Amino acid sequence: MNFIRTVPFVPQMTRLSSTANVEFVNRNPRNLERMRIARKPDGYHLEKPGRKYWHKLILTPGNRSIIAKVIHFLNGPVVEVKTSEWALQKQLYSPTDTCAYISLGKVLAQRCLEFGITEMYCDLEPQKGGKAEKFLEEVVKGGITLQEPEVYKKPNPWDQFRPEKPWEVHDE
């Protein structure tokens with residue numbers, strides 16, 4: 001998925017001793033997802049959980065630890081946080097109590113932002129006042145949106161409403 005674009009050589013902007021590269025290779029495989037152009041997989045219509053996402057949040061509680069993952073629909077796990085990690089385990093009294101869920105949410109949000117993931121799909125339905133709800137609150141407080149934007153659909157010439165193109169920046 002590397003795209004090559006030719007960039008015109010501008011001699012006024014370059015120094016005399018440097019040479020400008022005439023090819024640009026996009027090495028970011030998530031670039032089309034961030035611009036909302038990439039295709040979301042639909043899956044089969046009879047599948048219960050569905051697969052219409054780029055990144056999905058999964059929370060797996062266990063007897064001795066809790067695992068929170070962000071998986072990509074194509075490449076599998078991208079970010080993973082466990083309460084059994086040494087750094088987290090040393091800070092927690094119990095690896096499965098409410099404080100562990102809160103700490104796990106903070107660490108997951110921080111790691112997602114470091115990886116450049118700001119939006120993800122979440123199908124968790126937590127109980128009111130439960131541990132999973134505290135986890136999701138901390139993830140949202142950390143700057144993560146738990147809904148992915150819709151894929152940009154090119155409007156037809158006869159459409160009355162034309163949505164803003166996600167790759168264009170408008171100054172106000």
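Modeller: Let's start with a term: a residue is buried if its relative accessible area is under 20%, exposed if over 50%, and partly exposed in between (1.4 Å probe, protein chains only). This is a predicted model, where local features need pLDDT of at least 70, side-chain atom pairs count only at 80 or more, and totals for chains, interfaces and linings use all residues. Residues are numbered from 1 along each chain as its sequence is written, and side-chain values use heavy atoms, leaving out hydrogens and water.

Biologist: What makes lysine 40 buried?

Modeller: The relative accessible area of lysine 40 is 7%. The limit is under 20%, so lysine 40 counts as buried.

Biologist: Where is lysine 40, and which residues does it contact?

Modeller: Look in the loop between helix H1 (31-34) and strand E3. Helices (H or I, at least four residues) and strands (E, at least two) are DSSP runs numbered from the N terminus. Contact means heavy atoms within 4.5 Å. Leaving aside neighbours within four places in sequence, lysine 40 is in contact with Lys52, Tyr53, Trp54, Glu148, Pro149 and Val151. Lysine 52 is 12 residues away from lysine 40 along the chain, and their C-alpha atoms are separated by 5.6 Å.

Biologist: Which elements does the whole protein chain have?

Modeller: The protein chain has four helices and five strands, and their pattern along the sequence is β-β-α-β-β-β-α-α-α. Of its 172 residues, 27% are buried. Among contacts with a separation of 6 or more, 53% involve residues 24 or more positions apart.

Biologist: How do you know that E4 and E5 pair?

Modeller: Pairing requires DSSP to find at least two bridges between two strands. Strands E4 (residues 66-72) and E5 (residues 76-82) have six, in the antiparallel sense, so they count as a pair. One of these bridge partnerships links alanine 68 to valine 81 in E5. Three residues make the hairpin that joins E4 to E5.

Biologist: What makes E3 and E4 a pair?

Modeller: The rule is the one we just used, and here seven bridges join E3 to E4, which run antiparallel. Histidine 55 has histidine 72 in E4 as its bridge partner, and leucine 57 stands opposite valine 70 in E4. The hairpin from E3 to E4 passes through four residues.

Biologist: Why do E3 and E5 stand at the edges?

Modeller: The three strands form an open, antiparallel sheet in the order E3-E4-E5. Strand E3 (55-61) and E5 each have a single partner strand, so one side of each is left without a neighbour in the sheet. From one strand to the next, the twist averages 20°.

Biologist: Why is E4 described as largely enclosed?

Modeller: Five of its seven residues are buried, so the rest of the structure largely encloses E4.

Biologist: Which helix lies across the sheet strands E3, E4 and E5?

Modeller: That is helix H3 (residues 98-115), and it runs at about 140° to E5.

Biologist: Why is H3 called roughly parallel to H4?

Modeller: Axes are lines fitted to C-alpha atoms, for helices over the stretch in contact, and angles run from 0 to 180 degrees between N-to-C directions. H3 and H4 pack at about 25°, and their axes are 8 Å apart. That makes H3 roughly parallel to H4, a label for angles under 35 degrees (over 145 is roughly antiparallel, 65 to 115 roughly perpendicular, the rest oblique).

Biologist: Which residues meet between H3 and H4?

Modeller: The H3 side includes Tyr101, Ile102, Leu104 and Leu108, and the H4 side includes Lys131, Phe135, Glu138 and Val139.

Biologist: Which residues of helix H4 are buried?

Modeller: In H4 (residues 131-141) they are Glu133, Phe135, Leu136, Glu138 and Val139. These buried residues pack against E3, E4 and H3. Just after H4, glycine 143 takes a positive phi of about 105°.

Biologist: What is the average pLDDT of the protein chain?

Modeller: pLDDT is the predictor's confidence in each residue, from 0 to 100. The protein chain averages 83, and 83% of the residues score at least 70. By mean pLDDT, E4 is the highest element at 94 and strand E1 (residues 4-6) the lowest at 52. Where pLDDT is low, the predicted coordinates should not be read in detail.
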